[in-house]
Amino acid sequence: MPKQRTLPADRVDPRVLRTRALLREAALAIAAERDVESMTIADIAERATVNRATVYQHYRDRDALLLDAMEEEVGRLARAAARCPLTHPAQCTPGELAELFRHVETNATLYRRMLGPGGSARFVNRLRELLAEEVAAQLGAAGDDGDGSGATALLELRAHYLAGAFVGVFTRWVAMTGGPTAEQAAEEVWGLLRGASPGRGAADLP
């Protein structure tokens, strides 16, 4: 009797990858059409042309699927944030900050659905966590981490403060009708960051 072949532990069956890709594409397509809150597993299964049981074989629930579907997009946004020099004084708005806003603008429909009232709390939390990680890395590299666990905790608070500010601005901005352009929004946010405390520069962000 021939020995059954098994995949190495670090490999995933290509059929599983294809199915998950179909489910992610279906979830994102529906999210671009209507509020996430109204989306059901049955809707996703129908769009992906699979049955509901197949969806549950791969994802615990709808939000887990949505989070996976948006993970790549969240990663792109976090990487864009990492390129933005928050810790360096500048007379003009950094071009990287405008690029960050342009990235959100390009995907405005998805962000409007995911960050809006009918969106996904898990997605918002994941976005804030990744942004905070990137901001903390910049502040730490600039020497704002100090010594000891107390200073580290303060650094974490600063990072989450700024990450929360970005998420709040993005949420409102993509919901606006006839709102400011990406460049205008970036300039406004940069001015707020630099003016967070009187007489302090961007290198001294709170």
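Okay, one term before we start: when I say salt bridge, I mean a side-chain nitrogen of Lys or Arg within 4 Å of a carboxyl oxygen of Asp or Glu. With that in hand, here's the case I like: Glu37, Arg62 and Asp63 are joined in a network of salt bridges. And please keep in mind throughout that this is a predicted model.

So, the overall picture. We've got a chain with 9 helices and 0 strands. Reading from the N terminus, the order is simply α-α-α-α-α-α-α-α-α. There are 206 residues in the chain, and 37% of them count as buried. As for the contacts with a separation of 6 or more, 68% come from residues 24 or more positions apart. The accessible surface of the chain is about 11600 Å², and carbon and sulfur atoms make up 51% of that.

Back to charges. How many salt bridges does a search of the whole structure find? The count is 14. The general idea is familiar: side chains of opposite charge can pair when their charged atoms come close. Let me walk you through three pairs.

The pair to look at first is arginine 24 with aspartate 68, whose side chains meet in a salt bridge at 3.4 Å, N to O. Arginine 24 sits in helix 1, residues 14-31, and aspartate 68 sits in helix 4, residues 62-82, so this pair ties together parts that are 44 residues apart in sequence. Are the partners buried or exposed? Arginine 24 is partly exposed at 26% relative accessibility, and aspartate 68 is partly exposed too, with a relative accessible area of 29%.

Next, stay in helix 4 and find arginine 76 and glutamate 72. Their side chains form a salt bridge at 2.7 Å, N to O. Both residues belong to helix 4, and they are 4 residues apart, about one turn of the helix. That fits the usual geometry: an α-helix has 3.6 residues a turn, so residues three or four places apart point the same way. On accessibility, arginine 76 counts as partly exposed at 35%, while glutamate 72 counts as exposed at 52%.

Then there's aspartate 61 with arginine 60. Here the closest N and O atoms of the salt bridge are 3.9 Å apart. Since the cut-off is 4 Å, the pair counts. Aspartate 61 is partly exposed, at 22% relative accessibility, and arginine 60 is exposed, at 60%.

Okay, over to histidine 58. You'll find this residue in helix 3, which covers residues 52-58. Why does histidine 58 count as buried? Because its relative accessible area is 19%, and buried means under 20%. What is histidine 58 in contact with, once we leave aside its neighbours within four places in sequence? The list is Val16, Thr19, Arg20 and Leu23.

While we're in that region, have a look at the loop between helix 2, residues 41-48, and helix 3, where threonine 49 is found. Threonine 49 has a positive phi of about 55 degrees, although it is not a glycine. For context, most residues other than glycine have a negative phi. Threonine 49 is also exposed, with a relative accessible area of 69%.

Now helix 7. This one runs over residues 121-141, so 21 residues, and reaches 30 Å from its first C-alpha to its last, close to the 30 Å expected at 1.5 Å a residue. Its buried residues are Phe123, Val124, Leu127, Leu130, Leu131, Ala132, Val135, Gln138 and Leu139. Asparagine 125 also lies in helix 7, but that residue counts as partly exposed, at 34% relative accessibility. Asparagine 125 and valine 167 are 42 residues apart in sequence, and 9.6 Å apart in space, C-alpha to C-alpha.

Helix 7 also brings us to the last stop, the empty space. The structure holds 1 cavity of 30 Å³ or more. What is the volume of the largest cavity? About 50 Å³. Which residues line it? They are Ala81, Cys84, Leu86, Leu100, Leu131, Val135 and Phe166. Two of those names, Leu131 and Val135, should ring a bell, since they were in the list of buried residues of helix 7.

That's my tour, thanks.

Key:
Residues numbered from 1 in each chain as written. Predicted model: local features only at pLDDT ≥ 70, side-chain atom pairs only at ≥ 80, totals over all residues. Heavy atoms only, no water. Helix = DSSP H or I, 4+ residues; strand = E, 2+ residues; numbered from the N terminus. Buried < 20%, exposed > 50% of the residue type's maximum accessible area, 1.4 Å probe, protein only. Contact = heavy atoms within 4.5 Å. Areas by Shrake-Rupley, 256 points an atom, 1.4 Å probe, with all protein chains shown as cover. 1 Å grid on protein atoms, 1.4 Å probe; cavity = no way out; pocket = protein on both sides within 12 Å on 5 of 7 lines; lining within 4 Å. Points joined across faces, edges and corners; volume = space filled by probe spheres on them.
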